[in-house]
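Hello,

Here is the structure I promised to pass on. My notes follow it, and I hope they give you an easy start.

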Amino acid sequence: MQRIIGLAVATFAFSTLNGVPAVANSATIGDANAFAQVRVNVRVFDQGRHRGAPIDVAALLTAARGAPPAICLLASQAVRGWGWGGGSDAPSTPLSSASVPTNNDDYESDAMPAADIQRLLAGLSSDDACVRELSVRLIGTQKAELVGGELVTRLGASDAGLRSVAALGLGLAGVESAVDPLIRTLRDASVDVRANSAWALGRIENGRALKPLTGLFGDEAEKVRLAAVSAVGRMDSTSVVPLLIRVVRQDNSPAVRRVAVWALGNLEAREAVGALSETLAHDADARVREMSAWALGNIEDRGSIPALTAAIRGDAEDRVRETAVWSLGNIGDHSAIDILATATGDRSPNVRGTAAWALGQMDDHGAKAPAGLLKLLRDENTDTRLKAAWALGQLEDASALPAIRDALKVETNDHVRRGLIRALMKSGESSQTTLTQLLSSSDPQVREAAVRGIAGARSFDPWPWPWPRPRPFP
């Protein structure tokens, strides 16, 4: 129990680095048999940056030994290497089997004393997974020149587990000088070492690694292929597009195909539109199709509109249809208005709301609002109504004024009401009765929105801006 409490204290202290600036504080829990002392001093840090607080490394690693994996992961999350987005952690870590969701953030740490760095390096060889996990995460916060050489040395160790964790550390610390050693370990007999080496090279983003990484696209281990494809997708090189297309069409793993699709979208590979359209239409895995829809929208090529339209009309999965709708809105071609109008009647509120947003994205001032968009002003889903109100404000269709007025009379949600007022003003509301009612409202936010609208449409652009939900990154 004392170990758990000790790690909980460490977790709390680290977590303060992920939020707002904190005042100096300390927590001490003592148990001579367990871990002597855990001291954490949290100092005020610069706005917009996260800096590590002084840590009693010896006490922390002692407390970590034997701790439940879930508790250990909560502590280790606070010192992960960030910057890539969700799902981008290393393929194999000492606590992979106890994975939990994490949050994204950038983390920087002051240099630790040399003695503490040596303790952490020694912890990489521990027989306790929690000690190894915390050691490598903390090492990953240090500057490359302080830890790179030691990690490269361990990359050549006889123990595969140590080589794997060394590769993880090199990726976390972004050790540029480790590119060549990591390229060599892409041929390691251990799956975990190959996977972590590929992942680390992706974080370092050195072009010399591009060809060796593509050589792993045929690796027998899914974990390795996944890491290699993801790493290549983060390097700004279109030379790999044909190889990624082959992975999308031929790999037997849905997870690998999905990441390859993401990579093509991230590279904005127009030459992949055909392959991605085929994948959107025919892949058996819904998550691969969803990612294909996102990739097509990110590439923003008009040639993808037929495939996205077909997905909106016929895909059985809500998230695939929703992402296809988002993509049409992102492309912004007016030829898609009819299918987006149809999507406002979709059975899924997420699809309906995103369809409203997409219609607003067309930003066709003075265009006639589709009947389906007007109907969404009475939708049962609050977010959908908000997006519909926003879209009508973008379109500025005077013929929609009666529908907007009627919706405002019955709307109870404050955010939607303000959105409707915005839509009224941008659509040319001039009724003295309506304006008097708004300016006489008992709700100060309604009065404010009315005044802003009367002052001119520019006075409250682009508020409100209801972002669509789909963001299917790997």
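Accessible areas were computed by the Shrake-Rupley method with a 1.4 Å probe, and for residues only the protein chains shown count as cover. On that basis, the protein chain has an accessible surface of about 20,400 Å², and carbon and sulfur atoms hold 49% of that surface.

Two notes on the source. This is a predicted model, where local features need pLDDT of at least 70 and side-chain atom pairs count only at pLDDT 80 or more, while totals for chains, interfaces and linings use all residues. Residues are numbered from 1 along each chain as its sequence is written, and side-chain values use heavy atoms, with hydrogens and water left out.

Now the fold. The protein chain contains 25 helices and zero strands (DSSP runs numbered from the N terminus: helices are H or I with at least four residues, strands E with at least two). Of its 474 residues, 55% are buried (under 20% relative accessible area, with exposed meaning over 50% and partly exposed in between; 1.4 Å probe, protein chains only).

Helix α6 (residues 144–155) is a nice one to look at. Its buried residues are Val147, Gly148, Leu151, Arg154 and Leu155. Viewed down the axis of α6, they fall within an arc of 135° (taken from the directions from the helix axis to the C-beta atoms), so they line one face of the helix. Glu145, Gly149 and Thr153 are exposed on the other side of α6. The buried residues pack against α4 (114–123), α5 (129–139), α7 (160–173) and α8 (179–185), with contact meaning heavy atoms within 4.5 Å.

Best wishes
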